[in-house]
Every structure is written in C-alpha cells, then in structure tokens.
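Subject: Structure handover

Hi,

Here is the structure I promised to pass on. Have a look at it first, and then read on for what turned up when I went through it.

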Amino acid sequence: MSEETRIVDLEAVPENGSYRFTAEDPFANETELILVSCDEDPGVRAWINTCPHESQRLDTGDGAAVRDDAIVCPRHGSHFDACSGECDDGPAAGTTLPGVDLAVEDGAVHLADDRYAFLREGGIEDEDGPGSTSHVSF
Ligand code: FES
C-alpha cells in the first residue's frame, strides 16, 4: 500500500454515517463513493454513492443515514446492508450496491481496486449529479 492508495484512517469512518470520497476510473471519469463501517473483516466497505432505484446519492454531503447496519436511501427509504450492499426492502429491493475493493493497513483504509484511483475527500461538485433536484438544464 502507498500514499497514492490511502483514503483515510479507519477510525475516521463513522459508525452511523459515511465518509464520502471521489475516485477516478481509467478513462478519467470521476466516481463518488462512500466508506461505511461493517462488522466483518476488514471493518469497512466502499460503495458507489448512488441508489440503484433512481440515481439518488445515498450521502448527499452530511453522511449517509445508517441504521441497524443498513444504509438508508434518503429518497424512498430502501435499506442496503452495510456489509453486502444488498437491498431487501423498499423500491430498490433485489438490487445490490456496486462496491470497490479495499484494504486496511496500519490503521488506514486503502483503495485496492485496479479499476479506480483515489482522487480526493468529498464528492463531485456538479449541479446535475445524482441527488440533484433538477433534471432539466438550459
Ligand atoms: S431513490 Fe433510493 S429507494 Fe428510491
């Protein structure tokens, strides 16, 4: 693991919330992801920050709602298992959040997925991203 793959200290990932960050794929497309705590090894998961139901951000900037080890979609309330990403209730039932591979080393969470490179803490600053209330642009 190196400084280029390091996301954040594991202890900075909230128990009932999320840590939002941006990564880049090999085609220079930026992708928003969230880190959430998980009871299973290595103690954390990374999920694409988009509900599969209607392209809604799960973490809109203040951390995702996490209740009973499930991420709650802010738009219609579907619950996604924090460890598996699976949803078994609400309008997103039957879907699974896409995830990326992580590694924890020396107390730090690292991106360990060849598809993505860590860019920065926080989300993508665009007006029309997932969670935007406007779907019309002029
Ligand atoms: S947008 Fe997430 S459940 Fe509908």
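How many bridges join E3 to strand E4, residues 44-48? There are five, and the two strands run antiparallel. Before I go further, please keep in mind that this is a predicted model.

**The overall picture**

The protein chain has zero helices and 11 strands, so to speak a plain run of β from one end of the pattern to the other. Of its 138 residues, 41% are buried. If you take the contacts with a separation of 6 or more, 52% of them come from residues 24 or more positions apart.

**The five-stranded sheet**

Five of the strands make an open sheet, and its order is E8-E4-E3-E2-E11, with antiparallel pairing. At the edges sit strand E8 (99-100) and strand E11 (117-121), each of which pairs on one side only.

Going through the neighbours, strand E2 (residues 19-24) is joined to strand E3 (residues 30-37) by six bridges, again antiparallel. Within that pairing, Ala23 stands opposite Thr31, and Arg20 has Ile34 as its bridge partner in E3. Ile34 also has a bridge partner in E4, namely Trp47. On the E11 side, four bridges join E2 to E11, and these two run antiparallel as well. Ala23 turns up here too, standing opposite Phe118 in E11.

Two hairpins are worth a look if you check backbone angles. The hairpin of E2 and E3 has five residues between the strands, and Ala28 takes a positive phi near 70° there. In the hairpin of E3 and E4, with six residues between the strands, Gly43 is the residue with a positive phi, near 100°.

Why call E2 and E3 largely enclosed by the rest of the structure? For E2, it is because five of its six residues are buried. For E3, it is because seven of its eight residues are buried.

**Glu32**

One residue I'd point you to is Glu32, which is found in strand E3. Is Glu32 buried or exposed? Its relative accessible area is 7%, so Glu32 counts as buried, the cut-off being under 20%. Leaving out residues up to four places away in sequence, Glu32 touches Arg20, Phe21, Thr22, Trp47, Ile48, Asn49, Arg57, Asp59, Gly123 and Ile124. For one of these, Ile48, there is also a backbone distance: the C-alpha atoms of Glu32 and Ile48 are separated by 6.1 Å, with the two residues 16 apart along the chain.

**The aromatic pair**

A search of the whole structure for aromatic pairs comes back with one. It is formed by Phe21 and Phe118, with 5.7 Å centre to centre and 45° between the planes, which makes the pair tilted. Phe21 belongs to strand E2 and Phe118 to strand E11, 97 residues apart, so the pair links distant parts of the chain. Both Phe21 and Phe118 are buried. Phe21 has come up already, as one of the residues that Glu32 touches, and Phe118 as the residue opposite Ala23.

**The cavity**

The same kind of whole-structure search, this time for cavities of 30 Å³ or more, also finds one. The volume of the largest cavity is about 50 Å³. Which residues line the largest cavity? They are Glu15, Ser37, Cys38, Asp39, Val66, Asp69 and Ala82. Sorted by class, that lining has three nonpolar, one polar and three charged residues.

That's what I have for now. Shout if anything needs another look.

Cheers

Note on methods: Residues numbered from 1 in each chain as written. Predicted model: local features only at pLDDT ≥ 70, side-chain atom pairs only at ≥ 80, totals over all residues. Heavy atoms only, no water. Pairing = 2+ DSSP bridges. Phe/Tyr/Trp six-rings, centres within 6.5 Å; stacked < 30°, edge-to-face > 60°. Buried < 20%, exposed > 50% of the residue type's maximum accessible area, 1.4 Å probe, protein only. 1 Å grid on protein atoms, 1.4 Å probe; cavity = no way out; pocket = protein on both sides within 12 Å on 5 of 7 lines; lining within 4 Å. Points joined across faces, edges and corners; volume = space filled by probe spheres on them. Nonpolar A, V, L, I, M, F, W, Y, C, P; charged D, E, K, R; others polar. Contact = heavy atoms within 4.5 Å.
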